[in-house]
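Visitor: Before us is a model that I should like to examine term by term. Please justify each description as we proceed.

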Amino acid sequence: MARFLIVPQWQGSPSARAMQLIDGAHAIAGDLPRSACTPVEVALEAGDSLASGVDRFSALARTAERIREVTGPDPVVVIGGDCSVSVPAIGTAAEGRTIAVVWLDAHGDFLTPQTSTSRAFAGMALSAVLGHGPPGLALDPGIVQPEHVVLAGARDLEPAEQERLADVSVKHLSTQDLSTPDALADVVAGLGVDSVYVHIDVDVLDPAAIAGVTAAVPFGLTVPTLVSAIGALRARVPLAGATIAGFAPRTPGDAVEDMGAILRLIGAVA
Ligand SMILES: [Mn+2]
């Protein structure tokens, strides 16, 4: 049985519905065995940017510190919360080994404090994995190599993200590419890494498969396609850890509707 970190962090989200990410984390935790769950305390207040270029920096930095405190060499599944909960978990997972990062997300999360208009850290999370962003949130450069990152299923990229992605060696697999079950596994297995961290923003799924996301983008993955891709990947490369992020149900009833899809994704990574 995997260990789950429950991180109801909303401060990284640019959405007006950000606080429903708290409900999403709690709804998922409610369907997991309590003994397997480690709750991570998240401040309720917004926090202060402290001139970092990231909104709510102080609250995010405190949560990141707590995630670092409760993660170690054994793989964990982080239940968000906004996408930025993955950053400190990836930092721990990369200690003493070379990892790939598969970032499954409708968006690039590849903005920086310089290019983001919202200043929301979730939209900068993948940049922060590669070392861009304020100390205390961003990993040190070199902990994860750009050529070991695969952005998958992204279909709503801002021009600034597209420019930066063209400049670095991050690989990009489209929704179409992922319809070949072994496509993701082939790319990651070819990198020569020790293990792979799998980040899933549930908005990588098609809006028909999940309703509780804050920024739905059409033409996403089906649940079976995503589960097959992860299964094929895990058959070839050990898992260093995983995240399920971005679940923000509007109502408790909506959470119940979406839970079947969420639990299948958890089954794929746990
Ligand atoms: Mn995301």
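Visitor: What makes strand 4 and strand 5 a pair, and in which sense, parallel or antiparallel, do they run?

Guide: The model is a predicted one. Strand 4 (residues 99-104) and strand 5 (residues 149-152) share four bridges. Two strands count as paired with at least two bridges between them, so strand 4 and strand 5 qualify, and their sense is parallel. Within strand 4, valine 101 lies opposite valine 149 of strand 5.

Visitor: How many strands form the sheet, and in what order?

Guide: Eight strands build an open sheet with parallel pairing, in the order 2-1-3-8-7-4-5-6.

Visitor: Why are strand 2 and strand 6 said to stand at the edges?

Guide: Strand 2 (37-39) and strand 6 (171-173) each have a single partner strand, so one side of each lacks a neighbour in the sheet. Averaged over the sheet, neighbouring strands are turned by 20 degrees against each other, with direction ignored.

Visitor: Which strands does helix 8 lie across?

Guide: Helix 8 (residues 252-269) lies across strand 3 (76-79), strand 7 (195-201) and strand 8 (239-245). Its angle to strand 8 is about 170 degrees. Angles over 145 degrees count as roughly antiparallel, so helix 8 is roughly antiparallel to strand 8.

Visitor: What is the relation of helix 7 to helix 8, and why is it so called?

Guide: Helix 7 (residues 223-234) packs against helix 8 at an angle of about 10 degrees, and their axes are 9 Å apart. The limit for roughly parallel is under 35 degrees, and therefore helix 7 and helix 8 are described as roughly parallel. Val223, Leu226, Val227, Ile230 and Gly231 of helix 7 meet Ala261, Arg264, Leu265, Ala268 and Val269 of helix 8. By class, this contact of helix 7 with helix 8 comprises eight nonpolar residues, one polar and one charged.

Visitor: What is helix 1 called in relation to helix 8?

Guide: The axes of helix 1 (residues 20-30) and helix 8 come within 11 Å and cross at roughly 60 degrees. Roughly parallel requires an angle under 35 degrees and roughly perpendicular one of 65 to 115, so helix 1 is oblique to helix 8. The crossing of helix 1 and helix 8 is right-handed. Asp23, Gly24, Ala27 and Ile28 of helix 1 make the contact with Ala255, Met259 and Ile262 of helix 8. These residues of helix 1 and helix 8 divide into five nonpolar, one polar and one charged.

Visitor: How is helix 2 oriented to helix 3, and what makes it so?

Guide: The axes of helix 2 (residues 57-70) and helix 3 (residues 86-93) cross at roughly 30 degrees and come within 9 Å. As the limit is under 35 degrees, helix 2 is roughly parallel to helix 3. The crossing of helix 2 and helix 3 is right-handed. The contact joins Ala64, Ile67 and Arg68 of helix 2 to Val87, Pro88, Ala89, Gly91 and Thr92 of helix 3. Five residues in this contact of helix 2 with helix 3 are nonpolar, two polar and one charged.

Visitor: What kind of peptide bond joins glycine 80 and glycine 81, cis or trans?

Guide: The bond between glycine 80 and glycine 81 is cis, with omega at about 0 degrees. Glycine 81 belongs to the loop between strand 3 and helix 3.

Visitor: What is the sign of phi at alanine 51, positive or negative?

Guide: Alanine 51 has a positive phi of about 60 degrees, although it is not a glycine. Most residues other than glycine have a negative phi. Alanine 51 sits in the loop between strand 2 and helix 2.

Visitor: How do you know whether the radius of gyration agrees with that of a compact globule?

Guide: A compact globule of 270 residues would have a radius of gyration near 18 Å, and the chain has 16 Å, which agrees.

Methods
Residues are numbered from 1 along each chain as its sequence is written. This is a predicted model: local features need pLDDT of at least 70, side-chain atom pairs count only at pLDDT 80 or more; totals for chains, interfaces and linings use all residues. Helices (H or I, at least four residues) and strands (E, at least two) are DSSP runs, numbered from the N terminus. Axes are lines fitted to C-alpha atoms, for helices over the stretch in contact, and angles run from 0 to 180 degrees between N-to-C directions. Two residues are in contact if their C-beta atoms, placed from the backbone, lie within 7 Å. A crossing is left-handed if the near helix is turned anticlockwise from the far one by less than a right angle, and right-handed if clockwise. Ala, Val, Leu, Ile, Met, Phe, Trp, Tyr, Cys and Pro count as nonpolar, Asp, Glu, Lys and Arg as charged, and the others, Gly among them, as polar. The radius of gyration is taken over C-alpha atoms; the globule rule is 2.2 Å times the number of residues to the power 0.38.
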